[in-house]
Every structure is written in C-alpha cells, then in structure tokens.
Amino acid sequence: MSAREIYEPTTDTESAMYGPFFGTLGVSAAMMFTAAGSACGTAKSGTGIASMAVTRPDLVMKAIIPVVMAGIVAIYGLVVAVVYAGRVTSSADGFKIDQGFSMFAGGLVCGLCGCGAGYAIGIAGDAGVRALSQQPRFFIGMILILIFAEVLVAESPAYSPFFGYMGAASAQIFTVLGAAYGTAKSAVGISSMGVMRPELIMKSVIPVIMAGIIGIYGLVVAMVLKGKVTKASDGYTLDKGFAHLAAGLTCGLCGLGAGYAIGIVGDAGVRGTAQQPRLFVGMILILIFSEVGIFTDVS
C-alpha cells in the first residue's frame, strides 16, 4: 500500500470515521457560535437597558425585547444542533464523508450567522433602548431593526465535496457578517437621529433593509452552490470543489465589504438627512452603488 493510499481518502473510504467526525463538528459549531452571539447580544443590550432604566423605569419591559431576541438566536442554534445530532450515525451505518462535510458546513453557517446576528442585536439594542428612553416613538423603528438583524478534469478524492460545501458556507457566512455589521452600524445612526426627528425613522430604515438584502443574496448563492455539490463517487472532481469554493468566497467577501460600506454610509447618511432632507436621494444612490459589488457568477 502506497503512502498516498494511506493518507489520502478515496471514494472507497467515504464511510470511514471522517464522516461522523465532521458531522459532530457541525453540531458543535451550530451550538457554540450561536450561544456566543446570543451572549454578546444579551450583554450589550443589557448595558443599555441598565443605563436607560435609571431615568425611565417605566420602559424596562419594552426595552427587554432585544434581550429576548438575542436569546432566540441561541434557541435556534440548539434546535439545529439537536436535529443534526440525530442525523449523525456511525460509519458502519453508512454515514458517508460527504454527509459529514455537508453537516459541518451547515453547522458553521448556522453558528457564525447566529454569532453575527447576536452582535447586530446587541449593538442595535443598546443604541435603540437609549434612544427609546428619550423618544418613545422610536419603539417601532427599534423592533424593525432587530427583526432585520435576526434574519456561503481531475481525480475525484473523497474530500472533493468538502471544498464545495465550504464554498456554500462561505457565501452565507460572510454575507451575513457583512449584513450584521451594516445593520448594527446603521442602527446607531438611526437611533441617534430618531430622538430629534422621529418622523423620519421609517425612511431611515432603508440602509438596514439594504444590509439585509446582502444576507438574502448570500443565502441564494449558498443554496445554488449546495445543489451543485454531489458525492465524489458521482463524479464531483477536485477542480469543481475548488471552483465552488472560489465562487463562495467571492460572493461572501464581496458581501462583507458591501455590508461594511452600507453601514458607514447608512450611519452618516441618516444623520445628515435629519439635518438636510434633500440628502435622502443622494444617500440612496450611494447605498445602491455600495451594494452592486456583491453580484457574482456561480455557474
């Protein structure tokens, strides 16, 4: 037996121990990263609630909503982890390595997206409850922001699907992180502006919506890529895996950059619009140009 046969899995060893190993890693990733995001959201929102409650104790029950939504992130991760754990079986029962790769990618997507959502909820919740204490009309705007915050010709070795699934995961993970940053950064500006100009809150939510669209686009690309990944024994070659990884990284990292741009523009734009309403159209144009960079070909 050659060294290549010993150290490199082939299509004949797809049911080896590597399948359950990656499957259980997916279970762990789904739970621990969503829990971390939930903790971040709870801690950050709790700081704002504690500060606000000193002067406006009558609003505490309303202001606790960001903490509840941060907790939902962890519950979602727990549900996904339990579902995945029920699907992982031993290699003797036919749990193949490509199934392990798929569940590992799915767990990473759930976990890291939940981590980003928790971060966005924390930032938006902290700024939102502080603004709520000064302007009660901001409550609906804060809820909308939080909702948007909570929404990746060669041989065919057995690990070829791994790169394809990582491409799908990358498309979803990085676009959601970009959307989370764009939502959180824009929410800070909206919260500041909403205190003095509450009548402009609904118009100012547009940067948050456009940040959310980035995450939706990443989800679409991830689903397309996942549908193209098959077992190595079905002819899924290494070059296809590399191509799908490159496509997923392109979509994900472009989405991350677009989310960063939308967050910066949204924060400054809504503050400027509060002082000069004629800036609104200009802000929309800048946001549109910030978002066009996420489009990529996954064929």
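**Entry 1: the core**

Which residues have the most contacts inside the largest nonpolar core? I began here, keeping in mind that the model is predicted. I found that this core has 44 residues, and that those with the most contacts inside it are Ile121, Phe138, Met142, Ile145, Ile190 and Leu287. I then looked up where the core residues come from, and noted that the elements giving two or more residues are helix 2, helix 4, helix 5, helix 6 (139-150), helix 7, helix 9 (206-228), helix 10 and helix 11 (279-291). Helix 5 gives the most to this core, with eight residues. As background I wrote down that nonpolar side chains tend to be buried together in soluble globular proteins.

**Entry 2: a nonpolar patch on the surface**

I next turned to the surface, where Met61, Ile64, Val68, Ile72, Ile75, Val79 and Val83 form a nonpolar patch, with about 630 Å² of accessible area together. Helix 4 (residues 65-87) gives the most to the patch, with five residues. I looked up one of the patch residues individually: isoleucine 72 lies in helix 4, and its relative accessible area of 40% makes it partly exposed.

**Entry 3: aromatic rings**

I searched the whole structure for aromatic pairs and found four. One of them joins phenylalanine 22 and phenylalanine 101, which meet edge-to-face, at 4.9 Å centre to centre and with 70 degrees between the planes. Because phenylalanine 22 lies in helix 2 (residues 18-55) and phenylalanine 101 in helix 5 (residues 97-134), this pair ties together parts that are 79 residues apart in sequence. I checked the burial of both partners: phenylalanine 22 counts as buried at 17% relative accessibility, and phenylalanine 101 is buried with a relative accessible area of 3%.

I then looked up tyrosine 181 and tyrosine 260, whose ring centres are 5.3 Å apart and whose planes are at 20 degrees, so I recorded the pair as stacked. This pair also links distant parts of the chain, since tyrosine 181 is in helix 7 (residues 160-196) and tyrosine 260 in helix 10 (residues 238-275), 79 residues apart. Tyrosine 181 is partly exposed at a relative accessible area of 25%, and tyrosine 260 is partly exposed at 49%.

I also noted that ring pairs link Phe21, Phe22, Phe101 and Phe104 into a cluster. Elsewhere, I found lysine 203 lying over the face of phenylalanine 280, at 4.4 Å from the ring centre.

**Entry 4: salt bridges**

How many salt bridges does a search of the whole structure find? I found six, and looked up several of them in turn. Lysine 44 forms a salt bridge with aspartate 126, the closest N and O atoms being 3.7 Å apart. With lysine 44 in helix 2 and aspartate 126 in helix 5, the pair ties together parts that are 82 residues apart in sequence. Lysine 44 is partly exposed at 35% relative accessibility, whereas aspartate 126 is buried at 10%.

Arginine 56 and aspartate 58 meet through their side chains in a salt bridge of 3.1 Å, N to O. Here I noted that arginine 56 is partly exposed at 24% relative accessibility, while aspartate 58 is exposed at 53%.

Arginine 271 and aspartate 267 form a salt bridge of 2.8 Å, N to O, and both lie in helix 10, four residues apart, about one turn of the helix. Arginine 271 is partly exposed, with a relative accessible area of 32%, but aspartate 267 is buried at 10%. Finally, I recorded that salt bridges sharing partners join Lys44, Asp126 and Arg130 into one network.

Methods. Residues numbered from 1 in each chain as written. Predicted model: local features only at pLDDT ≥ 70, side-chain atom pairs only at ≥ 80, totals over all residues. Heavy atoms only, no water. Patch = residues over 30% accessible without salt bridge, like charges linked within 9 Å, V, L, I, M, F, W, Y side chains within 5 Å. Areas by Shrake-Rupley, 256 points an atom, 1.4 Å probe, with all protein chains shown as cover. Salt bridge = Lys/Arg side-chain N within 4 Å of Asp/Glu carboxyl O. Buried < 20%, exposed > 50% of the residue type's maximum accessible area, 1.4 Å probe, protein only. Phe/Tyr/Trp six-rings, centres within 6.5 Å; stacked < 30°, edge-to-face > 60°. Lys NZ or Arg CZ within 6 Å of the ring centre and 35° of its normal. Core = buried A, V, L, I, M, F, W, Y, C linked by side-chain atoms within 4.5 Å.
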